[in-house]
Amino acid sequence: MKNKVAIRRIRLKAPWEIELMRTANRIVAEILGLLMEELVEGVTTHHLDLFAEKEILRRGCKPAFKGYHGYPASLCVSINEEIVHGIPSRHRRLRQGDLVSLDLGVVYNGYYGDAAVSGIVGSKGPSVAHRLIEVTKGALEAGISKIKPRPRLGNVSAAIQVYAESAGFGVVRQFVGHGIGKALHEPPEVPNYGRKGTGPVLKPGMVIAIEPMVTAGSVDVRVLEDGWTAVTADGSLAAHFEHTVAITNKGPLILSVI
Ligand code: MF3
Ligand code: CO
C-alpha cells in the first residue's frame, strides 16, 4: 500500500477471527503456489489474472484487489523493473529470465488474506535477479524473526532494511506493509526501513502484512501512466515478498502458508 495513512487504532483480533484469516491466507498461499507453475515463457499476464480469479471463486472467496480504488484485476503482476501493482494485460507475455512478482489478495467470510512472491521465468535469469529474490525473501524472514514477546514494530522494519542493505540492495520507502483484517489496509503502517526500539509495540491479536520491496539500484519510484504500475526510477530490477503474520503470545504465526 501507499505510504500515507492517518494513524488510527490498531484493532486486535480474537482467536476465531485469526482462524478465518488463517483460511483466507492459506488460500492465497495455495493459489500463489499454483501461479508459480504458470510462470512459463509466452504466457500472458492476463492469463495469470484469469487463472487466479477462477481459483479464488472456486474456493468460495472474492478477489480483494478488484475494484480497490478502481484497481481493475484480481492479481498484480510486476515484471523486472516493475516493483508492485503491475496491471495484467492480454498484450504482455512472459519472457525467459523475467523476474516476476505476483501479489494476491482474497476475502473469505469478510476477512482478508494478502501475500506476494517473486520468481524467474525459466531457470536462466541473470544472477542478480536470483540474488535479489533470495535477499528479498531473506529480508522478510529477518523481519518476522524479530517478532518476539512485546517487540517494537521498528525492530521488524530495521531488520528488513539492514538485511537488504547489507546485501548491497535497497528498500523502497514509498510503499509499506500494513495491518490487515476486515479491511485490506488497517493501521499500523509497516515500513521496510526504520530504527530499532521505535514504533508501536506489537501485541498478541495484531495481524500485519509485511511486504519488503527490494531493488538492485535506485529505490526511487515512478508510477506509469496507467496510474498503478510502480517502477524503479532507474529501471533497475525489483523483487517483492509478502506474508500476513499474526502476533501470538508464543511469537509470530505466519498465516499465508499452505
Ligand atoms: N499487497 C498490496 C498492498 O497491500 C496489494 C494492493 S493491490 C491493490 O498494497 F490493487 F489492491 F491496490
Ligand atoms: Co499488502
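Reader: Is P15 buried or exposed in this structure?
Author: In this predicted model, P15 has a relative accessible area of 67%. Since exposure is called at over 50%, that value places P15 in the class that is exposed.

Reader: To which helix does P15 belong, and how far in space is its C-alpha atom from that of G205?
Author: P15 lies in helix α1, which covers residues 15–36. Along the chain, P15 and G205 are 190 residues apart, whereas their C-alpha atoms are separated by 7.5 Å.

Reader: Turning to the ligand, which residues come nearest to ligand 1?
Author: The surroundings of ligand 1 comprise 14 residues, and by class this shell has 7 nonpolar, 3 polar and 4 charged residues. Those that come nearest to ligand 1 are M1, D103, H178, H185 and E242.

Reader: In which pocket does ligand 1 sit, and how does the side chain of H185 approach an oxygen atom of the ligand, in Å?
Author: The site that holds ligand 1 is the largest pocket. Within the surroundings of the ligand, H185 is one of the residues that come nearest, and a polar atom of its side chain is separated from an oxygen atom of ligand 1 by 2.8 Å.

Reader: What distances separate a nitrogen atom of ligand 1 from the side chains of D114 and E242, and what share of the ligand's accessible area does the protein cover?
Author: For D114, the distance from an N or O atom of the side chain to a nitrogen atom of ligand 1 is 3.3 Å. For E242, an N or O atom of the side chain is 3.0 Å from a nitrogen atom of the ligand. On its own, ligand 1 has 330 Å² of accessible area, and the share of this that the protein covers is 99%.

Reader: Where does C76 lie, and how far is its C-alpha atom from that of H185?
Author: C76 belongs to strand β2, residues 75–79, and it is buried because its relative accessible area is 3%. H185 stands 109 residues from C76 in sequence, and the C-alpha to C-alpha distance between the two is 16 Å.

Reader: Why does S256 count as buried, and which residue's backbone nitrogen does its side chain reach?
Author: S256 is found in the segment after β15 (251–254), and it counts as buried because its relative accessible area is 4%. Its side chain is joined to that of H243 by a polar contact of 2.6 Å. At 3.0 Å, the side chain of S256 also reaches a backbone nitrogen, that of T244.

Reader: Which peptide bond is cis, and in which strand does P188 lie?
Author: The bond with omega near 0° runs from P187 to P188, and it is therefore assigned as cis. As for its place in the fold, P188 falls within residues 186–190, which make up strand β8.

Reader: What is the phi of H85, and is this residue buried or exposed?
Author: H85 is not a glycine, yet its phi is positive, at about 65°. The residue is placed in the loop between β3 (82–84) and β4 (99–108). With a relative accessible area of 15%, which is under the 20% limit, H85 is buried.

Reader: What is the phi of R150, and is that residue buried or exposed?
Author: R150, which is not a glycine either, has a positive phi of about 50°. Its place is in the loop between α3 and α4 (153–166). Because its relative accessible area is 57%, R150 is exposed.

Reader: How far in space is A129 from I208, C-alpha to C-alpha?
Author: A129 is found in helix α3, residues 127–145, and it counts as buried because its relative accessibility is 0%. I208 is 79 residues away from A129 in sequence, and the distance in space between their C-alpha atoms is 27 Å.

Reader: In which strand is G179, and how far in space is it from T229, C-alpha to C-alpha?
Author: The strand that holds G179 is β7, residues 177–179, and G179 counts as buried because its relative accessibility is 0%. G179 and T229 are 50 residues apart in sequence, and between their C-alpha atoms the distance in space is 22 Å.

Technical notes
Residues are numbered from 1 along each chain as its sequence is written. Chains are lettered from A and ligands numbered from 1 in the order in which they are written. This is a predicted model: local features need pLDDT of at least 70, side-chain atom pairs count only at pLDDT 80 or more; totals for chains, interfaces and linings use all residues. Side-chain values use heavy atoms; hydrogens and water are left out. A residue is near a molecule or strand if one of its heavy atoms lies within 4 Å of it. A polar contact is a pair of N or O atoms within 3.5 Å; within protein, one must be able to donate a hydrogen and the other to accept it, and residues adjacent in sequence count only if both atoms are side-chain atoms. Accessible areas come from the Shrake-Rupley method with a 1.4 Å probe; for residues, only the protein chains shown count as cover. On a 1 Å grid over the protein atoms alone, a cavity is a set of points where a 1.4 Å probe fits but cannot get out, and a pocket is an open set with protein on both sides within 12 Å along at least five of seven lines; lining residues have an atom within 4 Å of a point. A molecule sits in a cavity or pocket if more than half of its atoms lie within 2 Å of its grid points. Ala, Val, Leu, Ile, Met, Phe, Trp, Tyr, Cys and Pro count as nonpolar, Asp, Glu, Lys and Arg as charged, and the others, Gly among them, as polar. Helices (H or I, at least four residues) and strands (E, at least two) are DSSP runs, numbered from the N terminus. Buried means under 20% relative accessible area, exposed over 50%, partly exposed in between (1.4 Å probe, protein chains only).
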